[in-house]
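Open the structure in your viewer and keep the sequence panel visible. Each stop below gives a selection to make and then says what is there.

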Amino acid sequence: MFKVGDEIFYVNSKQETFPGRVLDIKKHVKISYNHFTGKKTLWVSPNNIQAPDTTRCTHNEECGWCADTGKCIYS
């Protein structure tokens, strides 16, 4: 499941995908995402959220060693 601070992709009813971040979790998930018209914040069903590509290295911004190849030196 998701936790506060996770980077996610929001998929709306038109199947458009937007990058965003989890802000709060209750029965629904409060997210902030970048829409064509600017930043939006709303509560959505967990079914409308996708995790980012799992091949990305979670430490890349910290060290940059793997260049997002998914081959983390910390693994």
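The tour starts with the whole chain and then moves to smaller selections.

**Whole chain**

Show the protein chain as a cartoon, and keep in mind that this is a predicted model. The chain has one helix and five strands. Followed along the sequence, these elements come in the pattern β-β-β-β-β-α. Now switch on the surface: the accessible area is about 5600 Å², and carbon and sulfur atoms account for 50% of that area. Of the 75 residues in the chain, 25% are buried.

**Strands S3 and S4**

Select residues 29–35, which form strand S3, and residues 38–44, which form strand S4. The two strands pair in the antiparallel sense, over seven bridges. The connection between S3 and S4 is a hairpin of two residues. To look at a single bridge, pick Ile31, whose partner in S4 is Leu42.

Next select Ser32, also in strand S3. Is Ser32 buried or exposed? Its relative accessibility is 12%, and the limit for buried is under 20%, so Ser32 counts as buried. Leaving out residues up to four places away in sequence, Ser32 touches Gly20, Arg21, Leu23, Lys39, Lys40 and Thr41.

**The largest nonpolar core**

Select Phe2, Ile8, Tyr10, Phe18, Val22, Val29, Ile31, Tyr33, Val44 and Ile49, and show their side chains. These ten residues make up the largest nonpolar core. Strands S1, S2 and S3 are the elements that each give two or more residues to this core. The most comes from S3, which gives three. In soluble globular proteins, nonpolar side chains tend to be buried together.

Stay with Val44 for a moment. Apart from neighbours within four places in sequence, Val44 is in contact with Tyr10, His28, Val29, Ile31 and Ile49.

**The loop between S1 and S2**

Move to Asn12, which sits in the loop between S1 and S2. Asn12 is buried, at 11% relative accessible area. What does the side chain of Asn12 reach at 3.0 Å? At that distance is the backbone nitrogen of Lys14. The side chain of Asn12 also makes a polar contact of 2.7 Å with the side chain of Glu16. Add Asn48 to the selection: Asn12 and Asn48 are 36 residues apart along the chain, and their C-alpha atoms are 6.6 Å apart.

In the loop between strand S1 (7–11) and strand S2 (17–25), select Gln15. Gln15 counts as exposed, with a relative accessibility of 61%. Its phi is positive, about 65 degrees, although Gln15 is not a glycine. Most residues other than glycine have a negative phi.

**Two salt bridges**

How many salt bridges does a search of the whole structure find? The search finds two. For one of them, select Lys3 and Asp6, whose side chains meet at 3.7 Å, N to O. Lys3 counts as exposed, at 56% relative accessibility.

For the other, select Arg21 and Glu7, where the N to O distance is 3.3 Å. Arg21 is in strand S2 and Glu7 in strand S1, so this pair ties together parts that are 14 residues apart in sequence. Arg21 is partly exposed at 37% relative accessibility, and Glu7 is partly exposed at 43%.

Methods
Residues are numbered from 1 along each chain as its sequence is written. This is a predicted model: local features need pLDDT of at least 70, side-chain atom pairs count only at pLDDT 80 or more; totals for chains, interfaces and linings use all residues. Side-chain values use heavy atoms; hydrogens and water are left out. Helices (H or I, at least four residues) and strands (E, at least two) are DSSP runs, numbered from the N terminus. Buried means under 20% relative accessible area, exposed over 50%, partly exposed in between (1.4 Å probe, protein chains only). Two strands pair if DSSP finds at least two bridges between them. A nonpolar core is a set of buried Ala, Val, Leu, Ile, Met, Phe, Trp, Tyr and Cys residues joined through side-chain atoms within 4.5 Å. Contact means heavy atoms within 4.5 Å. A polar contact is a pair of N or O atoms within 3.5 Å; within protein, one must be able to donate a hydrogen and the other to accept it, and residues adjacent in sequence count only if both atoms are side-chain atoms. Accessible areas come from the Shrake-Rupley method with a 1.4 Å probe; for residues, only the protein chains shown count as cover. A salt bridge is a side-chain nitrogen of Lys or Arg within 4 Å of a carboxyl oxygen of Asp or Glu.
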